[in-house]
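Subject: Structure handover

Hello,

Here is the structure I said I would pass on. My notes on it follow below.

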Amino acid sequence: MRFLKGHGTENDFVILPDFDGEADLSAALVAKICDRRAGIGADGVLRVVRTKLSPEVAQHAGVSEWFMDYRNADGSMAEMCGNGTRVFARYLLDNGLADPSGFAVATRGGLRSIHVEANGDITVDMGKPVVHGESVATVNGHEYTGLHVDMGNPHLACAIGDPVVQLDLHYQPGFDTTIFPAGVNIELFNPVGTARAVMRVYERGSGETRACGTGAVATAVAAAHLSGDTTGTWAIEVQGGTLTVILDKDTSYLSGPAVIVASGELMLAE
Ligand SMILES: N[C@@H](CCC[C@H](N)C(=O)O)C(=O)O
């Protein structure tokens, strides 16, 4: 099977073109592919399938030809992946599979519209973040209160007083399993000035990653919330670069670079 490798601010993905939905992509095979020593290595897998052939999203087939079947590095499925959507869009554009003037991608979290910026960056309309109450994450023995934000997938975005660069994120942070029964992506951030934050993330199903698009939007929402705002443009500095988040009244946008770096033939099997 052919594969490609790409990343968006170093949140990296293996792309598997499976247009007719013929691949048997088990959780075990995804985990093998994402293994950084025994596999190709990635934070997740993006399977490219025709929407009309994917029962879970087939209702979007009239609007979007392509379904981004996203899997985390441990093989689990997730509803949405912001950087994955941008890299998926880059793959479609590079291969003449989408209209550069604008198109939509089907995800388990719903349709996501894509816009290509003049500098080549890719912007995704991420939809309206849904803000729930506060909850607590435990990292390195410290409890941090954050905001529960639903971006199609669950997030707990915590502004912390300690410098995020000093955190040890080799371990799963603690969280309230009654609030997040299906797990949660945990962002820790330091606000900088009025419209910037430095963020690190521990992703559900993938561990610490160098960027998370849905997490960047959740962080912007939580940072804005601290100053009593719900709108504005935010620069979210992640380990792999900087993402731009625009919070509008009715939706949110995620913008940044997305690149394909390699392609080849997958030899792995379950
Ligand atoms: N890296 C992604 C988020 C991927 C899914 C997440 N780990 C989950 O399980 O919800 C992004 O860029 O949004």
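Please keep in mind that this is a predicted model. I began with C212, which touches N11, N83, N185, V201 and E203, leaving out residues up to four places away in sequence. C212 sits in the loop between β13 (207-209) and α3 (213-226). The residue is buried, because 36 other C-beta atoms lie within 10 Å and 20 are enough to count as buried.

The UniProt record, an unreviewed entry, lists C212 together with C81 under "active site". The two are spread over 132 residues of sequence, yet they cluster in space, with a largest C-alpha distance of 7.7 Å. C81 is also in a loop, the one between β4 (66-72) and α2 (82-94). C81 counts as buried because it has 32 C-beta neighbours inside 10 Å. Apart from residues up to four places away in sequence, its contacts are G44, Y70, G213 and T214.

The same unreviewed UniProt entry gives a "binding site" at N11, N72, G82, N83, N153, N185, E203, R204, G213 and T214. I looked at two of these positions in more detail.

- N72 is in strand β4. N72 counts as buried, with 25 C-beta neighbours inside 10 Å. With residues up to four places away in sequence set aside, N72 touches G44, A78, R204, G205 and S206.
- E203 belongs to strand β12 (residues 196-203). E203 is buried too, with 27 other C-beta atoms within 10 Å. Its contacts, again without residues up to four places away in sequence, are N185, T209 and C212.

Next, the ligand. There are 19 residues around the ligand, and the closest are A78, N83, N153, G213 and T214. Two elements, α2 and α3, give two or more residues to this shell. By type, the shell divides into three nonpolar, 14 polar and two charged residues. Where does the ligand lie relative to domain 1 and domain 2? Domain 1 (2-126 + 257-265) and domain 2 (130-250) both give residues to the shell, so the ligand lies between them.

The last item is the nonpolar core. In soluble globular proteins, nonpolar side chains tend to be buried together. The largest nonpolar core here has 76 residues, and A216, A220 and V221 touch the most other members. The element that gives the most to this core is α3, with eight residues. Because domain 1 (2-126 + 257-265) and domain 2 (130-250) both give residues to the core, it lies between them.

A220 is in contact with W234, I236, V245 and L247, leaving aside its neighbours within four places in sequence. W234 lies in strand β14 (residues 232-238). With 23 C-beta neighbours inside 10 Å, W234 counts as buried, since the cut-off is 20 or more. Not counting residues up to four places away in sequence, W234 touches A195, R196, A197, A220, A223 and V245. By contrast with these contacts, W234 and L111 are 23 Å apart in space, C-alpha to C-alpha, and 123 residues apart in sequence.

Regards

How values were computed: Residues numbered from 1 in each chain as written. Predicted model: local features only at pLDDT ≥ 70, side-chain atom pairs only at ≥ 80, totals over all residues. UniProt positions renumbered as here; feature names shortened; annotations may be inferred. Helix = DSSP H or I, 4+ residues; strand = E, 2+ residues; numbered from the N terminus. Buried ≥ 20, exposed ≤ 12 C-beta atoms within 10 Å, placed from the backbone. Contact = placed C-beta atoms within 7 Å. Near = placed C-beta within 6 Å. Nonpolar A, V, L, I, M, F, W, Y, C, P; charged D, E, K, R; others polar. Domains from an automatic or database assignment. Core = buried A, V, L, I, M, F, W, Y, C linked by C-beta atoms within 7 Å.
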